[in-house]
Amino acid sequence: MRFLFLACLMAIVPMVFLEGCYTNIPAASPVPVCLIVKEIHKSNAYTSVPKGEKEQVMIDGKNVAVYFDDSVMYRYDGQRRISNQFRTGVGGHSTSEFTYSASKVSVVFTSYNANNLLIQVYPYSVALNERGYDARYTYDEEGIQGRLSYVLSEKRENGNPLQQVIDGGFRLTTLNYTYDLTHFSLPNPRQYEGRMSRNLLLISSSSGTSCCGPWHYEYRYQFDVQGRVSRRICLEWRVELPDGLPFQTVYITDYEYECV
């Protein structure tokens, strides 16, 4: 239903220390790395399962009701790699366990319904390159993913895809992106996937889409006192809808972090 630009590994700006001028300069403390440990997802989207707790949010001067969809918790190993993922929603819950070797990450996904009855157990693996990233793709020195196989052409600047032309099945689809160049993109809990862009995504839109009509997503962010994204608000429009119709769907994600 939507293109994922899910969140990504946070770049850390190195600190440069002058040496040789003083003999009693204390050793520098390690720069903390902040990892996402919890996400809470809410929306006003229609689903076939009952919705959760209601929250009223103000968007463009309008009071909009959104409802709890699910929460996802992440756990990491001593190398800051994801080791467990726990998803809890109103329609059930799931777990994912990650085990690493030199050449791959093995994942066991297990899901349950709302009555805690087992639905499926699905094991799979992802081959890793020598840097620990998904071997199917290329990455730059910052861990930003390169052009994907289904992208026919791409314009990129400063690690951010600006325009992509993809094969939409019956006709070509053009995707356009705009970024907040003052903030890095979100850390990706599944660090082996890398990041899709260097900076925070503000707008993604399509033209020439063969399914569901052209679409337009606008992303807005709230930040905590440490400058990290605490809430992302995604507004979805379907371009073929009558002019003047407000945003169709609101998706909200709240983030919690742990710095190590």
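Let me start with one residue, Asp254: at 16% relative accessibility, it counts as buried, because the cut-off for that label is under 20%. Before I go on, please keep in mind that what you have on screen is a predicted model.

So where does this aspartate sit? Asp254 belongs to strand 14, which covers residues 249-259. That strand is worth a moment of your time. Eight of its eleven residues are buried, so strand 14 is largely enclosed by the rest of the structure.

Which strands pair with it? On one side of the list we have strand 1, residues 34-43, joined to strand 14 by nine bridges, with the two running antiparallel. If you want a landmark for that pairing, look for Cys34, which stands opposite Cys259 in strand 14. Then there is strand 13, which is joined to strand 14 by six bridges and also runs antiparallel to it. The landmark there is Leu235, standing opposite Val250 of strand 14.

Back to Asp254 itself. Which residues does it touch, once neighbours within four places in sequence are set aside? The answer is Lys38, Glu39, Ile40, Lys42, Ser230 and Arg231. With Arg231 there is something more specific: a polar contact of 2.6 Å joins the side chains of Asp254 and Arg231.

Now follow Arg231, please. Its relative accessibility is 11%, and since buried means under 20%, this arginine counts as buried. Arg231 has another acidic partner, too: its side chain meets that of Glu55 in a salt bridge, at 3.1 Å from N to O. Arg231 is in strand 13 (residues 229-238) and Glu55 is in strand 2 (residues 54-59), so this pair ties together parts that are 176 residues apart in sequence.

Put those pieces side by side and you get a network: Lys42, Glu55, Arg231 and Asp254 are linked by salt bridges. For anyone who would like the background, side chains of opposite charge can pair when their charged atoms come close.

How many salt bridges are there altogether? The count comes to 13. Let me show you two others. Asp134 and Arg136 meet through their side chains in a salt bridge of 2.7 Å, N to O. What I like here is the contrast in setting. Asp134 counts as buried, at 3% relative accessibility, whereas Arg136 is exposed, with a relative accessible area of 62%.

The second one is Arg220 with Glu218, whose side chains form a salt bridge, again listed at 2.7 Å, N to O. Here Arg220 counts as partly exposed at 26% relative accessibility, and Glu218 is partly exposed as well, with a relative accessible area of 21%.

Let me turn to the backbone for a minute. Which non-glycine residues are worth a look for a positive phi? One of them is Arg80, with phi near 65°. You will find Arg80 in the loop between strand 3 (62-76) and strand 4 (82-89). It has 39% relative accessibility, so Arg80 counts as partly exposed.

Asn116 is another: its phi is positive, at about 65°, although it is not a glycine. Asn116 is also in a loop, the one between strand 6 (104-113) and strand 7 (118-127). At 49% relative accessibility, Asn116 counts as partly exposed, because the exposed label needs over 50%.

While you are in that region, have a look at the surface. Val108, Leu118 and Val121 make a nonpolar patch of about 250 Å², and Val121 lies in strand 7.

Finally, let me zoom out to the whole chain. What does the secondary structure come to? There are zero helices and 14 strands, so if you read along the sequence, the pattern is simply β repeated, strand after strand. Of the 260 residues, 39% count as buried. Among contacts with a separation of 6 or more, residues 24 or more positions apart account for 43%. As for the outside, the protein exposes about 15,200 Å², and carbon and sulfur atoms supply 55% of that.

If you take one picture back to your desk, let it be the one we started from: buried Asp254, in strand 14, linked with Lys42, Glu55 and Arg231 in a network of salt bridges. Thanks, everyone, and I am happy to rotate the model for anyone who wants another look.

Technical notes: Residues numbered from 1 in each chain as written. Predicted model: local features only at pLDDT ≥ 70, side-chain atom pairs only at ≥ 80, totals over all residues. Heavy atoms only, no water. Helix = DSSP H or I, 4+ residues; strand = E, 2+ residues; numbered from the N terminus. Buried < 20%, exposed > 50% of the residue type's maximum accessible area, 1.4 Å probe, protein only. Polar contact = N/O pair within 3.5 Å; in protein donor to acceptor, adjacent residues only side chain to side chain. Contact = heavy atoms within 4.5 Å. Salt bridge = Lys/Arg side-chain N within 4 Å of Asp/Glu carboxyl O. Pairing = 2+ DSSP bridges. Patch = residues over 30% accessible without salt bridge, like charges linked within 9 Å, V, L, I, M, F, W, Y side chains within 5 Å. Areas by Shrake-Rupley, 256 points an atom, 1.4 Å probe, with all protein chains shown as cover.
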